[in-house]
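Could you open the model in your viewer and keep the selection tool at hand? We will go through some salt bridges and then the pockets.

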Amino acid sequence: PPRGGHAVQVLRTYPYRRRGYAFAPSGERSIARAFAKALRRARRLVYLEEQYLWSPHVMAAFAAAMTANPQLRLLAIVPHFPDRDGPLSAAPQLAARARSVQLLRRFGPDRVGVYGLENAAGTPVYVHAKVCVMDDVWAVVGSDNLNLRSWTYDSELTCAVLDQAGTGPDASEPGFAHGLRLALAREHLDRADGDDADLRDPGKAFDAFARSAAELDAWHSRGRRGRRPAGRLRPYRVPELSSATMRWAQPMYRFLFDPDGRPPPLRRRGTF
């Protein structure tokens with residue numbers, strides 16, 4: 001029997017293999033296609049919590065949406081540091097994220113906010129989430145990350161929830177997507193339940209994140225003197241890597257960290 005007022009779609013990634021899967025002989029990329037379709041319809045805010053934010057190929061779809069819609073803003077919560085911090089593993093990840101963040105900021109420099117998290121003691125918190133909310137109507141939660149590996153190569157599973165008419169932010173109770181964004185925003189800004197009147201509007205929420213992160217960053221710059229401001233966000237700073245490091249890090253990223261699992265015709269067309 002019916003449960004709730006939302007449409008739920010199960011999305012998957014399976015790679016292309018020469019012998020193929022019986023149920024997906026050319027692989028499956030419904031996660032990538034769902035994101036592409038939702039991004040074409042996004043108008044106000046794309047909210048992300050993302051472990052990697054690596055792939056310039058994937059971020060190009062987000063940059064295209066921001067170019068097509070001058071009012072569209074993007075908020076992203078990412079780890080300050082990679083999960084593997086060895087000399088050969090950190091640089092490829094950092095190089096790819098730097099290119100991705102720079103690409104987004106090139107098309108919307110004042111409409112992109114990228115932040116990392118820390119706890120009350122000031123220790124960075126590793127963000128392992130894979131969440132996206134678009135325009136407080138469409139939300140995905142699952143195993144996939146925003147990179148080619150997750151969109152084409154690994155086996156992934158995610159659920160997309162589309163709030164139906166009468167269940168979104170204009171109703172008496174927020175829909176799933178709107179409620180999820182507000183719950184995460186309250187947590188990151190150290191707000192109590194219900195203290196979100198200024199966060200319900202996507203534009204005001206974007207500004208609230210920026211103010212909170214700037215205040216906490218300034219407190220750290222003053223040597224943590226005085227009372228610690230509320231909030232757990234700090235601006236993410238794109239790492240600076242030498243040209244020598246970039247020369248070996250980028251090929252390693254492409255072939256080892258973020259392989260492309262699409263069949264050759266899709267690779268040539270640059271589609272999913």
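Which residue forms a salt bridge with Glu-118 in which the closest N and O atoms are 2.8 Å apart? Select Arg-228: in this predicted model, Arg-228 is the partner of Glu-118. The pair joins distant parts of the chain, 110 residues apart, with Arg-228 in the loop between helix H6 (202-221) and strand E10 (233-235) and Glu-118 in strand E5. Glu-118 has a relative accessible area of 4%, so it counts as buried.

Now add Asp-217, Arg-234 and Arg-237 to the selection, and you have a network of salt bridges that also includes Glu-118 and Arg-228.

Keep Glu-118, Arg-234 and Arg-237 on screen, since they are among the residues lining the second largest pocket. Other lining residues to show include His-80, Phe-81 and Tyr-236. This pocket holds about 230 Å³ of space, and its lining has seven nonpolar, two polar and three charged residues.

Next, go to Arg-12 and Glu-28, whose closest N and O atoms are 2.7 Å apart in a salt bridge. Arg-12 lies in strand E1 and Glu-28 in strand E2, so this pair ties together parts 16 residues apart in sequence. Arg-12 is partly exposed at 28% relative accessibility, whereas Glu-28 is buried at 15%.

Strand E1 also leads to our last stop, as E1, helix H1 (30-41) and strand E9 (156-163) each supply at least two residues to the lining of the largest pocket. The volume here is about 370 Å³. Select Lys-37, Ala-38, Arg-41, Trp-138 and Leu-162, the closest to the centre among 15 lining residues. H1 gives the most, with five residues.

Definitions and conventions
Residues numbered from 1 in each chain as written. Predicted model: local features only at pLDDT ≥ 70, side-chain atom pairs only at ≥ 80, totals over all residues. Heavy atoms only, no water. 1 Å grid on protein atoms, 1.4 Å probe; cavity = no way out; pocket = protein on both sides within 12 Å on 5 of 7 lines; lining within 4 Å. Points joined across faces, edges and corners; volume = space filled by probe spheres on them. Helix = DSSP H or I, 4+ residues; strand = E, 2+ residues; numbered from the N terminus. Nonpolar A, V, L, I, M, F, W, Y, C, P; charged D, E, K, R; others polar. Salt bridge = Lys/Arg side-chain N within 4 Å of Asp/Glu carboxyl O. Buried < 20%, exposed > 50% of the residue type's maximum accessible area, 1.4 Å probe, protein only.
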